[in-house]
Amino acid sequence: MKLTIPEEELMYEGTVDCQGCGAGLAMRYALKALGKRTFVVIPACCWSIIAGPFPYSSLQVPLYHTAFETAAVVSSGIKAALEIKGIDATVMAWAGDGGTFDIGIQSLSGAAERNEDIIYVCYDNEAYMNTGIQRSSATPYKAWTTTTPRKYPKARPKKNIDEIMVAHEIPYVATASVAYPEDFIRKLQKAKNIKGTKFIHVLAPCPTGWRSLPEHTIKLARLAVQTCIFPIYEVEDGKYKINIKPKNPKPVEEYLKLQGRFRHLTEEDIKEIQEATNRKWKKLLKKEEFF
Amino acid sequence: MEKTVKKRRIFLMEEIKMYEVRFHGRGGQGAVTAATILADAAFHEGKDVQAFPMFGVERRGAPVAAFMRMDTKPIDIKTQIYEPDCVVVLDPTLMSVVDVTKGLKENGKIIINSSKDPKEFNLGKGKVYTIDATEIAIKHGLGTKTNPIVNTAILGAYSKAVGNVKIESIEEAILQNAPRKKEENRKAAVEAYEKTRGE
Amino acid sequence: MVKKVIYGNHAVSYGARDSRVEVIAAYPITPQTQVVELLSEFCASGELKAKFIKVESEHSAMAACVGASAAGARAFTATSSQGLALMHEMLHWASNARHPIVMANINRAMGPPWSIWTDQNDSIAQRDTGWLQFYCSTNQEVYDTTIQAFKICENDKVLLPGMLILDAFVLSHTSEVVDMPPQEEIDEFLPPYEAKYKLDLDDPRAFGGLMFPDWYYELKYKQHRSMEKALKIIEDVGREFGERFGRYYGLVEEYRTDDAEIVLVVSSTVAQTSKEAVDLLRKEGMRIGLVRIRTFRPFPKEKIRKIASKVDMMIVIDRNISFGSEGVFYTETKAALYNEKSRPPVYGVIIGLGGRDVRVEDIMNIAKKGKNNKLEINKINWWGVKL
Amino acid sequence: MKDEIVLKNASDIPPMAMSLGTTLVNKTGSWRSMKPVFHKEKCIKCGTCWKFCPNGSIKNGEYPEWDYEYCKGCGICAEECPVNAIEMVRER
């Protein structure tokens with residue numbers, strides 16, 4: 001077969017992620033990209049379960065499970081130990097959106113400000129999925145979760161974590177989608193060769209929480225990009241580059257209608273989301289132009 | 001653990017000749033450093049020592065105190081100093097706002113950074129010594145004219161007035177502890193030692 | 001050998017330096033700052049070859065130490081009070097993951113109201129996190145204990161984190177004479193840390209993943225057994241330290257207890273002041289001694305029982321309070337004695353919260369009141385509280 | 001590697017929750033209610049199915065090979081196949 005990404009698998013089968021889990025797929029790609037000399041740090045998130053349970057591990061690399069808000073700093077600690085012992089290896093923090101956007105943002109900001117030599121990957125499934133679909137600050141506007149019932153869906157837009165990370169003036173910030181593994185893997189490999197804090201934000205659809213079909217995971221991850229809801233870009237030393245530019249962006253409705261979490265949206269809601277998406281996309285195009 | 005502790009503690013209370021000193025200054029004047037250097041000097045003469053600041057928040061300019069305790073025997077006591085044997089006043093302007101003689105032992109000594117004659121101070125207790133440490137500090141280039149660092153000079157006066165720590169030990173301790181201008185600080189202490197006036 | 005007059009805080013820094021710590025992660029808090037300031041200078045000058053991670057919080061300080069220790073490095077941090085409380089979650093993590101991290105905690109009262117002065121409520125509140133706790137009473141002991149703590153905690157039979165504890169200001173900011181042995185001799189006493197379990201590229205394993213009820217219980221049993229085994233290791237290490245450097249340490253320190261009728265149970269700097277009180281009371285004819293609890297976790301139950309069996313009265317003086325119960329050393333002392341056939345009455349006194357000075361007269365008067373049966377047996381005796 | 005780790009008492013486990021084996025013991029094939037069936041004649045060997053399998057349960061060869069011991073039957077391979085060479089059929 002024709003292979004466009006590395007063949008080596010560093011993730012074992014038998015993982016207990018849901019059918020069609022985007023997060024499982026994202027890890028499969030990440031390890032292909034980074035290879036065996038990688039230490040992985042996982043805070044509380046779906047992957048706390050997917051990686052085990054005791055006495056088993058699904059990764060072929062050393063893995064440390066840590067408390068919810070500490071992925072970035074535990075990675076810093078590991079990196080410090082490796083440096084003092086003269087071990088050359090990559091340390092990757094692997095956190096969900098809750099552990100990144102919400103509870104983990106303090107230690108992430110601290111690590112980024114210190115420019116710790118780590119790769120921080122946020123696999124974003126847009127809610128607290130491991131605890132049963134509660135809203136996080138990564139949950140999109142108007143989405144249903146168990147804590148934002150359809151009658152009162154999320155009233156605020158998704159937090160722009162990427163711009164927060166760009167504001168830290170770290171050497172590398174990038175977004176990615178599991179629908180574009182070549183792009184994601186290229187970014188991880190690039191990050192591996194940059195010294196300092198690298199932040200990669202990968203959209204990982206969650207059929208369980210998004211109320212979507214397991215087989216639609218890639219489709220949704222692709223539509224998010226093609227509708228410009230989740231733009232794929234990278235910021236290297238402050239310079240913006242949009243990696244995937246849909247010529248004729250698809251209407252957001254195509255993305256939204258495949259997900260039960262948006263089932264309650266009115267036409268007006270969709271219009272509002274479309275306008276906000278257009279506005280944000282334009283802003284990003286301008287950033288690319290100017291920076 | 002038990003054994004060693006007992007072996008070293010065989011003295012009786014009347015043998016204790018602990019000497020306690022209180023320094024008065026303002027935040028930033030180096031009262032704590034003065035107490036520490038004096039402790040270090042006494043330590044080099046074989047004494048057991050403690051030095052500590054007023055336990056609290058130190059703010060630049062605000063009145064502060066620092067303490068020094070020395071003894072020929074090991075010091076166990078970990079309390080603050082309430083009845084000092086000696087008081088050292090780094091900044092004479094403090095005397096109108098702080099009762100520098102508070103708790104001072106009847107036969108205690110007071111060393112004041114002042115150009116005045118000791119007789120001009122009527123404090124009701126203790127024996128007063130004066131030294132113009134400010135002038136000496138400026139002369140040796142310690143600090144600035146508006147903010148002279150007098151904490152080393154005043155230790156020379158301490159040595160002269162109290163006599164239980166030799167000036168040579170203080171010189172040595174200054175050389176070891178002063179962060180910079182070591183020699184100037186040492187000379188300031190020696191000059192103060194020579195110029196100290198008593199009642 | 002170097003003898004120096006140094007702050008208690010600096011005794012911590014020198015202890016960490018001479019233990020050749022490899023990773024330090026810390027966040028400043030009064031009255032701990034001097035510890036990390038001096039360590040920063042050691043790292044900057046190259047005197048100490050360590051990575052110093054200047055984290056953004058105490059929670060992260062402990063988390064960074066956890067990561068470093070997981071990768072096999074000797075990790076160290078220092079904090080106090082609110083900072084220790086913020087670390088709480090990661091204290092459990094460090095212990096449950098069996099990382100022999102050493103931390104200095106400067107005992108400082110918890111707010112509100114803001115207080116920077118000493119009492120033990122910050123560290124006592126972390127009693128059940130699975131850390132060894134050593135309450136130090138002199139700067140020399142602070143230095144010595146920092147070094148010993150690594151040797152104890154890194155022992156295969158222990159593999160638990162350890163906290164050495166010193167009173168705010170009364171030790172942290174007080175300069176005392178500290179004798180520091182030559183580095184080669186310390187290196188002999190404390191060789192480099194070789195982690196038996198660590199993140200390893202050659203033997204990649206996962207640590208700390210989900211564990212079902214079928215084995216979690218056994219892990220807790222093992223953790224507790226390690227605490228129990230630590231009792232002997234602490235004594236062994238304290239003895240070895242004594243043989244090498246002339247200063248012996250153990251679980252408790254007894255002072256003039258041989259023929260004592262009354263024994264004070266004390267800790268930290270209050271113990272030092274109490275020694276003066278004991279001397280003065282002895283002169284007055286009272287047969288009194290004291291036991292200083294140096295190691296609070298694991299709790300030296302057997303030592304307490306042995307001492308209790310010989311005396312007529314014990315008075316436990318606590319600089320902490322478990323609200324709704326009593327002083328914690330008091331509770332623990334009584335609990336150790338409950339099933340003994342004969343046991344003396346045990347009185348509980350609270351003193352010096354929020355850094356109120358504890359004077360020789362206070363201790364003497366407590367003892368006299370006890371001797372005259374004037375202390376209340378089933379109530380807290382609040383010493384010096386203004387009522 | 002696929003063997004279940006047999007633990008009997010406390011002395012069999014390390015002092016912390018350290019992994020002793022791999023997740024290959026979890027035969028996640030049992031989760032499947034729909035099974036991907038491969039129509040070789042339609043396959044263009046593009047590797048898309050292999051690439052997007054969340055758990056790496058499609059093996060790379062001249063043609064894709066499904067590891068039914070672990071394949072959870074999510075259907076992504078069938079959905080993403082550009083030439084409809086994979087069909088999801090009900091498990092029996």
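This passage looks at how chains A and D meet, at a sheet that joins strands of chains A and C, and at the build of chain D, all in a predicted model.

Start with the contact between chains A and D. On the chain A side, 32 residues take part, and they are in contact with 35 residues of chain D. Three elements of chain A each put in at least two residues on the side that touches chain D: α1 (22-34), β2 (56-57) and α9 (217-226). Sorted by class, that side of chain A comes out as 14 nonpolar, 10 polar and eight charged residues.

The two chains also share some strand pairing. Here β2(A) lines up with strand β1 of chain D (residues 21-22), in the parallel sense and over two bridges. Within that pairing, A:S57 has D:T22 of β1(D) as its bridge partner.

Next comes the sheet, which is open and has nine strands. Its order runs β9(A)-β8(A)-β6(A)-β7(A)-β5(A)-β4(A)-β1(A)-β3(A)-β9(C), and the pairing is mixed. At the edges sit β9 (239-244) of chain A and β9 (206-207) of chain C, each of which pairs on one side only. The edge strand β9(A) pairs with β8 of chain A (residues 232-236) in the antiparallel sense, over five bridges. One of the residue pairs here is A:E234 with its bridge partner in β9(A), A:K241. Helix α1(A) packs on this sheet and touches four strands of chain A, namely β1 (38-42), β4 (90-95), β5 (119-124) and β7 (198-203). The direction of α1(A) makes about 170 degrees with that of β4(A). So α1(A) turns up twice: it packs on the sheet, and it supplies at least two residues of the side of chain A that touches chain D.

Finally, chain D itself. Its secondary structure amounts to two helices and five strands, laid out along the sequence as β-β-α-β-β-α-β. Chain D is more spread out than a compact globule, because its radius of gyration of 17 Å is well over the 12 Å that the globule rule gives for 92 residues. Along the principal axes, the C-alpha atoms of chain D fill a box of roughly 55 × 25 × 15 Å. As for burial, 40% of the 92 residues of chain D count as buried. Of the contacts in chain D between residues at least 6 apart in sequence, 61% link residues at least 24 apart.

Technical notes
Residues are numbered from 1 along each chain as its sequence is written. Chains are lettered from A and ligands numbered from 1 in the order in which they are written. This is a predicted model: local features need pLDDT of at least 70, side-chain atom pairs count only at pLDDT 80 or more; totals for chains, interfaces and linings use all residues. Two residues are in contact if their C-beta atoms, placed from the backbone, lie within 7 Å. Ala, Val, Leu, Ile, Met, Phe, Trp, Tyr, Cys and Pro count as nonpolar, Asp, Glu, Lys and Arg as charged, and the others, Gly among them, as polar. Two strands pair if DSSP finds at least two bridges between them. Axes are lines fitted to C-alpha atoms, for helices over the stretch in contact, and angles run from 0 to 180 degrees between N-to-C directions. The radius of gyration is taken over C-alpha atoms; the globule rule is 2.2 Å times the number of residues to the power 0.38. A residue is buried if 20 or more other C-beta atoms lie within 10 Å of its own, exposed if 12 or fewer, and partly exposed in between; C-beta atoms are placed from the backbone.
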